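Subject: Handing over the structure

Hi there,

Here is the structure I promised to pass on to you. Please open it first, and then read my notes alongside it.

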Amino acid sequence: MTGSNNAHCESKSTVARRRWKILAEALQRSSSRDASPDSASTRKFQSFGLLSFDPLGQDFYSVKCINSDLTVIVRLLRRDFSPSELTGFNNTGNVCIWPSEEILTYYCLNNLKIFSGKSVLELGGGMTCLAGMLVAASGVPSKIVLTDGNALSVNNVKVSLQRNDLPSETCASLFFDEGRESLLLTLLTVLRPGGTALVVAPSRSGTFHMFASMCRPHFVVAVIEKYDHIVDQYVQKSAMDPYYNENLHFPLLMILKRLGTNN
């Protein structure tokens, strides 16, 4: 990473301020606000446009991705939140579907074969766990567990699972202390040698690559910036949005394969 330590600290504090602003606006949002999917987010940049939403009433939507005919029903929370409801690990997941989940959804549906017969765990899936929900809907994995560190998100995902009658489990996220070390320890706990993890997140001033460096003693690490030409086209179109910030919005993909042998 380049730049002075002061610049790095300033960048981290800017991201933190933006997160708290999102949560503050969510707390203030009126329940009578526009009920479109985009209104769930107080972000200026909404999405890459890879997902489509058909309203079903009572905050439920039928959702599909442009690269698949699979659909799932999800509930998008759009009401006033209390401070206690927004308490938890990375609780901005209660506010909207983030671009990282959107890109992860697209990637998973394009690569369903990697989940064939496998046990799949989505960590920190937010209020919809959309990627995990659609992978479950494919019927490909042998088992799937969807998690988040916020009780409101977990309960919301349970409601969506009931609407879809999907064979999935939900639980609180396996890590609660915010930080890259916690995530690394979690992955080392849940993955056997040869197990694979997909980590999708924006660069955020180099924090993504810092985590990649932490993983290299334990995993074979591959970082992907180009998913395919379709995603590239949507990203290029999004770059025209004056509110788009590649550092904050474009998710990089890290593929981790745990080192070691099974005993």
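To begin with the contacts: among those in the protein chain with a separation of 6 or more, 74% are between residues 24 or more positions apart. Please keep in mind that this is a predicted model. The protein chain has 263 residues, of which 45% are buried, and its secondary structure consists of eight helices and nine strands.

**The two sheets**

One open sheet has three strands in the order β1-β2-β3, with antiparallel pairing. Because β1 and β3 (72-75) each have a single partner strand, they stand at the edges, and one side of each is left without a neighbour in the sheet. From one strand to the next, the twist averages 35°. If you look at where β1 meets β2 (residues 60-65), you will find six bridges joining the two antiparallel strands. Phenylalanine 53 is placed opposite valine 63 in β2. Helix α4 (residues 151-164) lies across β1, β2 and β3, and runs at about 150° to β3.

Another open sheet also has three strands, in the order β7-β9-β8, and its pairing is antiparallel. Here β7 (196-202) and β8 are the edge strands, each pairing on one side only. Ignoring direction, neighbouring strands of this sheet are turned by 20° against each other on average. Seven bridges hold the antiparallel pairing of β7 and β9, and leucine 198 has isoleucine 255 in β9 as its bridge partner. Helix α2 packs on this sheet, where it touches β7 and β9, and its direction makes about 140° with that of β7. Helix α6 lies across β7, β8 and β9 and runs at about 5° to β9.

**The aromatic pairs**

How many aromatic pairs does the structure hold? There are seven of them. One is formed by phenylalanine 48 and phenylalanine 250, with 6.5 Å centre to centre and 85° between the planes, an edge-to-face arrangement. This pair links distant parts of the chain, 202 residues apart: phenylalanine 48 sits in the loop between α1 (5-28) and β1 (51-57), and phenylalanine 250 in the loop between α8 (246-249) and β9 (251-258). Are these two rings buried or exposed? Phenylalanine 48 counts as buried because its relative accessibility is 4%, and phenylalanine 250 counts as buried because its value is 9%.

Next, why is the pair of tyrosine 107 and tyrosine 227 edge-to-face? The planes of the two rings are at 70° and the centres 6.4 Å apart, so the pair falls into that class. This pair also links distant parts of the chain, 120 residues apart, with tyrosine 107 in helix α2 (residues 99-110) and tyrosine 227 in the loop between β8 (219-224) and α7 (229-238). Tyrosine 107 and tyrosine 227 are both buried.

To see these rings together, select Phe45, Phe48, Tyr107, Tyr227, Tyr244 and Phe250, which ring pairs link into a cluster.

**The core**

As a general point, nonpolar side chains in soluble globular proteins tend to be buried together. In this model, the largest nonpolar core has 57 residues. Which residues have the most contacts inside the core? They are Phe48, Met133, Leu187, Phe211, Phe219, Tyr227 and Leu256. Leaving out residues up to four places away in sequence, phenylalanine 48 touches Pro99, Glu102, Ile103, Tyr234, Val235, Ser238, Tyr244, His249, Phe250 and Pro251.

**Two arginines**

Arginine 163 lies over the face of phenylalanine 60, at 4.3 Å from the ring centre.

The other is arginine 216, in the loop between α6 (207-215) and β8. With a relative accessibility of 46%, arginine 216 counts as partly exposed, because that class runs from 20% to 50%. Apart from residues up to four places away in sequence, arginine 216 touches Val221 and Leu259. Between arginine 216 and leucine 259 the C-alpha to C-alpha distance is 9.4 Å, and they are 43 residues apart in sequence.

Happy viewing, and do write back with your thoughts.

Best wishes

Terms used. Residues numbered from 1 in each chain as written. Predicted model: local features only at pLDDT ≥ 70, side-chain atom pairs only at ≥ 80, totals over all residues. Heavy atoms only, no water. Phe/Tyr/Trp six-rings, centres within 6.5 Å; stacked < 30°, edge-to-face > 60°. Helix = DSSP H or I, 4+ residues; strand = E, 2+ residues; numbered from the N terminus. Buried < 20%, exposed > 50% of the residue type's maximum accessible area, 1.4 Å probe, protein only. Lys NZ or Arg CZ within 6 Å of the ring centre and 35° of its normal. Contact = heavy atoms within 4.5 Å. Core = buried A, V, L, I, M, F, W, Y, C linked by side-chain atoms within 4.5 Å. Pairing = 2+ DSSP bridges. Axes fitted to C-alpha atoms, helices over the stretch in contact; angles between N-to-C directions.
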